[in-house]
Amino acid sequence: MTERCSSFTDEPLPGTATTETGWLCIENESGWGRDPFSGETFAPEVGEAVERFAESRGLRVLLIRRPGRAGGFRGRMRVFVANSVPGETALRMFTVADYAEIPALPLDDPSAGEPAGPIALVCTNGKRDVCCAVLGRPIAASLAGCYADPVVWECSHTGGHRFAPVLIVLPAGHTYGRVTGAQAKEALDAARAGLVATAGLRGRSSIPPAEQAAEVAVRELLGPVAPDVLRTGSDGAAVTVRHEDGRAWTMTVTPEDLPPRMMSCGKKPSPARAWRVSARIADGN
């Protein structure tokens, strides 16, 4: 049996979320390439304009589609724009008839677009990694069947194939890995209730890896709390997590080198790093 990148399970999840502060999620039901701009989704000039627009706004572009659809979609396409920065968390939905409209979206107008509730993105991009397709698609399909509204989407490459199945909950950007169907539902249900579930939590995309690991540790200590009640900051190896009620926890977070492993199926092994929360220096209870 061919070894796959997700077979390495010794790597701790906290601190491994892709670092992104915002997201531009574009509905597309056709086939995807290795990334949003390598396939046939956009005409070259449109793709270049969308890419420049996203870069200027600090947005990570993802293609999304409803689980189980095999193309043939016609009509206006949904575009979700998420801000994952703590204290600024927001998700808006726009619709476009043509991708060429995306660079003109009025993102500077806070009243533009339709406010949207949390959505779940499951990476299923098989052209980028086999594990995401084989492990992600069943999770996306089962999760989508739990909700009447289209709040569950398959998405293109998010980063971290080796943690498949990978789930991102927007707008906060909390990222999960090695999720079961039950854990995926728990994560989305919690988000819809204004909370953050911790099972399989890799971290919040809008903060650095060491701060992600410390925040996960505090969330595991507290249980489900809202996305933005915690703030993080770091000074070297010391990471402080502050609660809006005045409590604070200062953690020692240190990197640890792990044995090389495949970062993606078919790739040669390369070094990996874990983030260890080795001590809690102070508790502000």
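Contact is taken here to mean heavy atoms within 4.5 Å. In the predicted model described in this section, T41 has such contacts with N28, G31, P36, L63 and Y99, its neighbours within four places in sequence being left aside. T41 is placed in the loop between β1 (22-27) and α1 (44-57), and with a relative accessibility of 9% it counts as buried.

The loop that holds T41 also contributes to an aromatic arrangement. The count of aromatic pairs in the model comes to three. One of them is formed by F42 and Y99, whose ring centres are 5.1 Å apart and whose planes make an angle of 75°, so that the pair is edge-to-face. Because F42 belongs to the loop between β1 and α1, whereas Y99 belongs to the loop between β4 (90-96) and β5, the pair ties together parts that are 57 residues apart in sequence. Both F42 and Y99 are buried, and ring pairs link these two residues with F37 into a cluster. A ring interaction of another kind involves W32, over whose ring the charged end of R65 sits, at 3.8 Å from the ring centre.

The strands of the model form an open sheet of ten members with mixed pairing, in the order β5-β4-β3-β1-β2-β7-β6-β8-β9-β10. The edges are occupied by β5 (114-115) and β10 (201-204), each of which pairs on one side only. Helix α4 (residues 209-222) packs on this sheet, where it touches β9 (174-176) and β10, and its direction makes about 115° with that of β10.

Within the sheet, β7 (residues 152-155) pairs in the parallel sense with β6 (residues 119-123) over four bridges, while its pairing with β2 (residues 60-65) is antiparallel and runs over two bridges. In the register between β6 and β7, A120 stands opposite V152, and C123 stands opposite C155. On the β2 side, the bridge partner of I64 in β7 is again C155. The side chains of β7 alternate in direction, in that V152 and E154 point one way and W153 and C155 the other way, and all of these residues are buried.

The cysteines were examined for covalent links, and the structure holds zero disulfides. For C123, the closest cysteine sulfur is that of C132, and at 3.6 Å it is too far for a bond, because a disulfide requires the two sulfur atoms to lie within 2.5 Å. Correspondingly, C132 takes part in no disulfide, the sulfur of C123 being the nearest cysteine sulfur to its own. C123 counts as buried at 2% relative accessibility, and C132, with a relative accessible area of 3%, is buried as well.

The segment before β1 contains P14, a residue that counts as partly exposed at 23% relative accessibility. Although P14 and Q212 are 198 residues apart along the chain, their C-alpha atoms are separated by 6.5 Å. When neighbours within four places in sequence are left aside, P14 is in contact with L201, R202, A213, V216 and W275. Two of these partners, L201 and R202, carry numbers that fall within β10 (201-204), and A213 and V216 carry numbers that fall within α4 (residues 209-222).

Several backbone features remain to be described. The peptide bond that joins A164 and P165 is cis, with omega at about 0°, and P165 lies in the loop between β7 and β8 (167-170). A further cis peptide bond runs from L170 to P171, with omega near 20°, and here the proline lies in the loop between β8 and β9. R178, although it is not a glycine, has a positive phi of about 55°. R178 is found in the loop between β9 and α3 (181-192), and its relative accessible area of 24% makes it partly exposed.

Definitions and conventions: Residues numbered from 1 in each chain as written. Predicted model: local features only at pLDDT ≥ 70, side-chain atom pairs only at ≥ 80, totals over all residues. Heavy atoms only, no water. Buried < 20%, exposed > 50% of the residue type's maximum accessible area, 1.4 Å probe, protein only. Pairing = 2+ DSSP bridges. Axes fitted to C-alpha atoms, helices over the stretch in contact; angles between N-to-C directions. Phe/Tyr/Trp six-rings, centres within 6.5 Å; stacked < 30°, edge-to-face > 60°. Lys NZ or Arg CZ within 6 Å of the ring centre and 35° of its normal.
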